[in-house]
Amino acid sequence: MKGSNIRITILADNTAAEGLSTEHGFSLWIEAGGAHILFDAGQSDVFEKNAQALGIDLSICDYIVISHGHYDHTGGLAYALPLAKKAKVIMHPKAAIPRFSIRPGSAPKPIGITEKALASLTLFPREQIIDGSTPQEFIQGAGTTGQIPKLVDFEGSSGPFFLDLRGEKEDGFEDEQALWISTPTGLIVCAGCCHAGLINTLKQAKSVSGATGIRAVIGGFHLGQASDERIEKTIAALKEIAPELIAPCHCTGERAALKIQAAFGAQFSPAGAGRRFLF
Ligand SMILES: [Zn+2]
Ligand SMILES: [Zn+2]
C-alpha cells in the first residue's frame, strides 16, 4: 500500500486531548487504501462521541476489526454496529465467549463482551461477519494476524484472566489478533492489548504479511503489571526491530511507557484520544 495516504486517529483511549472523553478502552479509526476501518470500539459510546467531535463519520465504515473479546474493546460494538450498517466485522468467534478476571480475595469480575454488544452482534447480518480465526488480508496490503503464537520466552501469561468463574480454565487468548498495513518502509501494526505479548504480536504481523520491517506500532502493550526485567527485554527486542514510531496506548502502563519514551526518544509518541498519525 502506498505510504502517503494512511491516516490513523485514536478514538478511545485511557487519556484524551482536551475536550475529548476518556475511558479504560481502546479504539482506532484507520483510513488506508481508500477504506475506512474501525479497529476496536472501546467499552462504551466514548469512541462515537469523540468521532463526532473530530468530524469522523462512522457510517462510512467498511470494516470493523476486533482485537479480542474483552469488554473494553468490544462494548462499543453496541453503538458501532447500528451506525456502521455496511461494515464487515472481522473477529474471532471466541471473542464472543464469557471471560473473567479473578484476583485473589475478590469476586470474579466478568470482563468479556457486554450483553448489549452481544445483542447487537446477534442482530447484525451474518454474512457481514468474517471469521477472524485465521489471518485475513481483507484489503490489498492490509490484514489481520489471526491467532498470535507465543514464541518469545519472556512474554508469558498477561494476568489473572480465565474463561470460567472458578478460575480453572486459563484464557489463552485464542481470539486475539492485531491489524497490519504494509507501506514501502515497513508495516504499521495496530494492537489492542497485546495479551500475547508485544514482540510476539510484531513477529506474527511480519510472518503473515511477509514484510521484513516494522515502521510503526500503535496500541496497548499490556505491561502495567510486567516485571522490570520483562519491560527491559521488551525494549531490547524493540531496539532490534527499530520502528520509526512507537505509540504506547491504553493498557501499556505508565512505568513501561516512561521507560519506552526514555529508550526511544523521538521514535516515541504520546497517545490519547484525538491523536492522529499520518503515514
Ligand atoms: Zn484485554
Ligand atoms: Zn484492553
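These legends go with a set of close-up views of the predicted model.

In this predicted model, local features need pLDDT of at least 70 and side-chain atom pairs count only at pLDDT 80 or more, while totals for chains, interfaces and linings use all residues. Residues are numbered from 1 along each chain as its sequence is written, and chains are lettered from A and ligands numbered from 1 in the order in which they are written.

**Figure 1. The whole protein, with 7 helices and 15 strands.** The radius of gyration (taken over C-alpha atoms) is 17 Å, close to the 19 Å from the globule rule (2.2 Å times the number of residues to the power 0.38) for 279 residues, so the protein is as compact as a globular protein of that length. Helices (H or I, at least four residues) and strands (E, at least two) are DSSP runs, numbered from the N terminus. The C-alpha trace spans about 50 × 45 × 40 Å along its principal axes. Buried residues, those with 20 or more other C-beta atoms within 10 Å of their own (exposed means 12 or fewer, partly exposed is in between, and C-beta atoms are placed from the backbone), account for 49% of the 279 residues. Take the contacts (C-beta atoms, placed from the backbone, within 7 Å) between residues at least 6 apart in sequence: 72% of them join residues at least 24 apart.

**Figure 2. A right-handed β-α-β unit built from E13, H6 and E14.** Right-handed here means that, with the strands pointing away from the viewer, the path from the first strand over the helix to the second runs clockwise. Strands E13 (residues 214-220) and E14 run parallel, joined by 5 bridges; for two strands to count as paired, DSSP has to find at least two bridges between them. One spot to look for is Val217, whose bridge partner in E14 is Ile246. E14 (residues 245-249) is mostly covered, with 4 of its 5 residues buried.

**Figure 3. Ala236 and Ala242, on helix H6 and in the loop after it.** Ala236 lies in H6 and is exposed, with 12 other C-beta atoms within 10 Å. Its C-alpha atom is 9.2 Å from that of Ala263, 27 residues away along the chain. Ala242 sits in the loop between H6 and E14 and is partly exposed, with 13 other C-beta atoms within 10 Å. Check its backbone too: phi of Ala242 is near 55°, a positive value in a non-glycine residue. Most residues other than glycine have a negative phi.

**Figure 4. An open antiparallel sheet of 3 strands, ordered E7-E6-E10.** Strands E7 (109-110) and E10 (161-162) stand at the edges with a single partner strand each, so one side of each has no neighbour in the sheet. E6 (residues 100-101) pairs with E10 over 2 bridges, and one pair to pick out is Phe100 with Phe162.

**Figure 5. Phe173, in the loop between E10 and E11.** Strand E11 covers 179-183. Phe173 counts as buried, with 26 C-beta neighbours inside 10 Å. Its phi is near 55°, another positive value outside glycine.

**Figure 6. Inside the largest nonpolar core, a set of 80 residues.** A nonpolar core is a set of buried Ala, Val, Leu, Ile, Met, Phe, Trp, Tyr and Cys residues joined through C-beta atoms within 7 Å. Leu38, Ile64, Ala80, Trp180, Val189 and Cys190 touch the most other members. Setting aside neighbours within four places in sequence, Ile64 contacts Leu38, Ala80, Ala84, Ala87 and Val89.

Notes:
Contact = placed C-beta atoms within 7 Å.
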